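Welcome! Here are a few exercises to work through with the structure in view, each followed by a step-by-step solution.

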Amino acid sequence: WGSLMGNNWRPLTTVSFEGKRDVESTYTGWRGDNISAVALMPLNADARCARVTARGGNGNDQPLSVNNGDYLRRGQYYKLDLPGRARDLVSLNLRCRATDARAVTIQIYTSR
């Protein structure tokens, strides 16, 4: 659904995962944004994200489904809906790896 990435979406950050051991990173500091969805886009390789967890302002973690466990193709957007209690996003924990390269860079987008 890359063509739907319009005015409501904004790039948040870019994260890199290198090698088999560099598979988990946490990004924080978004509290109060009332984010309704997150999108991931691998930039330079196909990727598989075994786990993505959103932490809301209430401190609870909510696991998110990432493309039904299938791999993410380079250059395509993958939307992750946030449940109501996770919309006050404080952090996003990703466990990803490249499937066809040694490293992958993933752009994270958010929507209000």
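Two strands count as paired if DSSP finds at least two bridges between them. Strands (E, at least two residues) and helices (H or I, at least four) are DSSP runs, numbered from the N terminus. The model is predicted, so local features need pLDDT of at least 70 and side-chain atom pairs count only at pLDDT 80 or more, while totals for chains, interfaces and linings use all residues. Residues are numbered from 1 along each chain as its sequence is written, and side-chain values use heavy atoms, with hydrogens and water left out.

**Exercise 1. Find how many helices and strands the protein chain has.**

Step 1: Go through the chain from the N terminus; the elements run β-β-β-β-β-β-β-β.
Step 2: Count them: there are zero helices and eight strands.

**Exercise 2. Work out the strand order of the open four-stranded sheet.**

Step 1: Look at S3 and S6, which pair in the antiparallel sense over four bridges. In this part of the model, alanine 39 stands opposite lysine 79 in S6.
Step 2: Write down the whole order, S1-S8-S3-S6, with antiparallel pairing.
Step 3: Mark the edges: S1 and S6 each pair on one side only.
Step 4: Add the angle: neighbouring strands are turned by 25 degrees against each other on average, direction ignored. Such angles run from 0 to 180 degrees between N-to-C directions, with axes as lines fitted to C-alpha atoms.

**Exercise 3. Decide whether S7 is largely enclosed or not, and find how S4 joins it.**

Step 1: Take buried to mean under 20% relative accessible area, exposed over 50% and partly exposed in between (1.4 Å probe, protein chains only).
Step 2: Seven of the ten residues of S7 are buried, so this strand is largely enclosed by the rest of the structure.
Step 3: Nine bridges join S4 to S7, and the two run antiparallel. Arginine 48 stands opposite arginine 97 in S7.

**Exercise 4. Identify which residues touch the most other members of the largest nonpolar core.**

Step 1: A nonpolar core is a set of buried Ala, Val, Leu, Ile, Met, Phe, Trp, Tyr and Cys residues joined through side-chain atoms within 4.5 Å.
Step 2: Of its 24 residues, Val38, Leu40, Cys49, Val52, Leu92, Leu94 and Ile106 touch the most other members.
Step 3: The largest share of this core, five residues, comes from S7.
Step 4: Apart from it lies another core, of six residues, among them Ala37, Ala39, Tyr77 and Tyr109.
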